[in-house]
Amino acid sequence: GALIALEPALGLVVLAVAVVLIALIRIVSIVSILGTLAAVIVLIALNPGNGAYVFFGVCALVMVVYAHRENIVRLKNGTERRLDFKAILNKGKRK
C-alpha cells in the first residue's frame, strides 16, 4: 500500500508480480520478502540520491523481514507451509 502511494505504477507492477509468484510458489513469506527487496532496489534506482526513499526502503525491508522471522526459521527447516488453493476454495463449500 505504501509503495502504491509513493510510486503508483511501480506499486501496481509489484502487486501483479506478487499475485503471479504466490500462485506459482505458494509460499507467501518468500514472495513478501523477495518482493519487498526487489521493490526497494527498483524504488531506489528510480530515485537516485533521494535519501527519504532509501530510508523508507530500508525500514520497509527490515519490518518485513522482522515480521517473517518465524517463517524464515521454518523455511530453513523445510517446514514452511504452502498455500493450498483447493482447500481454500473448498472451505466455502463445506457446511
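Buried means under 20% relative accessible area, exposed over 50%, and partly exposed in between, using a 1.4 Å probe and protein chains only. The model is predicted, so local features need pLDDT of at least 70 and side-chain atom pairs pLDDT 80 or more, while totals for chains, interfaces and linings use all residues. Residues are numbered from 1 along each chain as its sequence is written, and side-chain values use heavy atoms, with hydrogens and water left out.

**Exercise 1.** Classify L24 as buried or exposed.

*Solution.* Start with its location: L24 lies in helix 2 (residues 8-25). Helices here are DSSP runs (H or I, at least four residues), numbered from the N terminus. Next, take its relative accessible area, 65%. The cut-off for exposed is over 50%, so L24 is exposed.

**Exercise 2.** Place L6 in the same scheme and list its contacts.

*Solution.* L6 belongs to helix 1 (residues 2-6). Its relative accessibility is 31%, so L6 counts as partly exposed. Now look for contacts (heavy atoms within 4.5 Å): setting aside residues up to four places away in sequence, L6 touches L43, Y53 and F56.

**Exercise 3.** Check the length of helix 3 and find its buried residues.

*Solution.* Helix 3 (residues 28-46) has 19 residues. The expected span is 1.5 Å times one less than that number of residues, which gives 27 Å; the end C-alpha atoms are 26 Å apart, so the two agree. The buried residues are S29, V31, I33, T36, A39, V40 and L43. Their cover includes helix 1, helix 2, helix 4 (51-67) and helix 5 (69-77).

Notes:
Helix = DSSP H or I, 4+ residues; strand = E, 2+ residues; numbered from the N terminus.
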